[in-house]
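Visitor: I am new to this structure. Please show it to me, then take me closely through one part of it.

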Amino acid sequence: MRKRNLVEERPWGTYEILEDKKLYKLKEIVVNPGERLSYQSHHRRTEVWTIVSGNGIITLEGQELDAYPGRCFFIPKEAKHRVECNGKKPLVLVEVQVGEYFGEDDIVRHEDDYGR
């Protein structure tokens, strides 16, 4: 049986780091209904988001895209992006980060509902 990792609480929901390797980091992100992440970008990594459950909106470089189970999104370095849960159940996605650095301090926030 796999050991559970620490679940990090955020104002919008939670995330759990499933794998943290030299070449990639794998997270499960849960966004609560009516909440959204900051509109952000990263200098040192790309991301791929796969929606597992729930519904929402992905904003990628100003374009709003429907998010639903099975849909995947490629987020290049420097691209502004966010995810929002507009359904009645939490939106769950798996995020694969690829790059040279995966620290939380590589988040550039362009807009944030929570004043961070």
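Visitor: Among contacts in the protein between residues at least 6 apart in sequence, what share join residues at least 24 apart? After that, please look closely at the first three strands.

Guide: Keep in mind that this is a predicted model. The share is 65%, counted among contacts between residues at least 6 apart in sequence. A short overview comes next. The protein has 11 strands and zero helices. Its C-alpha atoms fill a box of roughly 35 × 35 × 30 Å along the principal axes. The radius of gyration is 13 Å, which agrees with the value near 13 Å for a compact globule of 116 residues. Of those 116 residues, 40% count as buried.

Now to the part you asked for. Strand 1 covers residues 7-10, and strand 2 covers residues 13-20. These two strands run antiparallel and are joined by four bridges. They form a hairpin, with two residues between them. For one pair across it, look at Glu 9: this residue stands opposite Thr 14 in strand 2.

Follow the chain onward. Three residues lead from strand 2 to strand 3, again in a hairpin. Strand 3 spans residues 24-31. Its pairing with strand 2 is antiparallel too, over seven bridges. Here Tyr 15 has Ile 29 of strand 3 as its bridge partner. Strand 2 therefore pairs with strand 1 and also with strand 3.

One general point helps when viewing strands. In a regular strand, side chains alternate between the two faces of the sheet.

Conventions. Residues numbered from 1 in each chain as written. Predicted model: local features only at pLDDT ≥ 70, side-chain atom pairs only at ≥ 80, totals over all residues. Heavy atoms only, no water. Rg over C-alpha atoms; globule rule 2.2 N^0.38 Å. Buried < 20%, exposed > 50% of the residue type's maximum accessible area, 1.4 Å probe, protein only. Contact = heavy atoms within 4.5 Å. Pairing = 2+ DSSP bridges.
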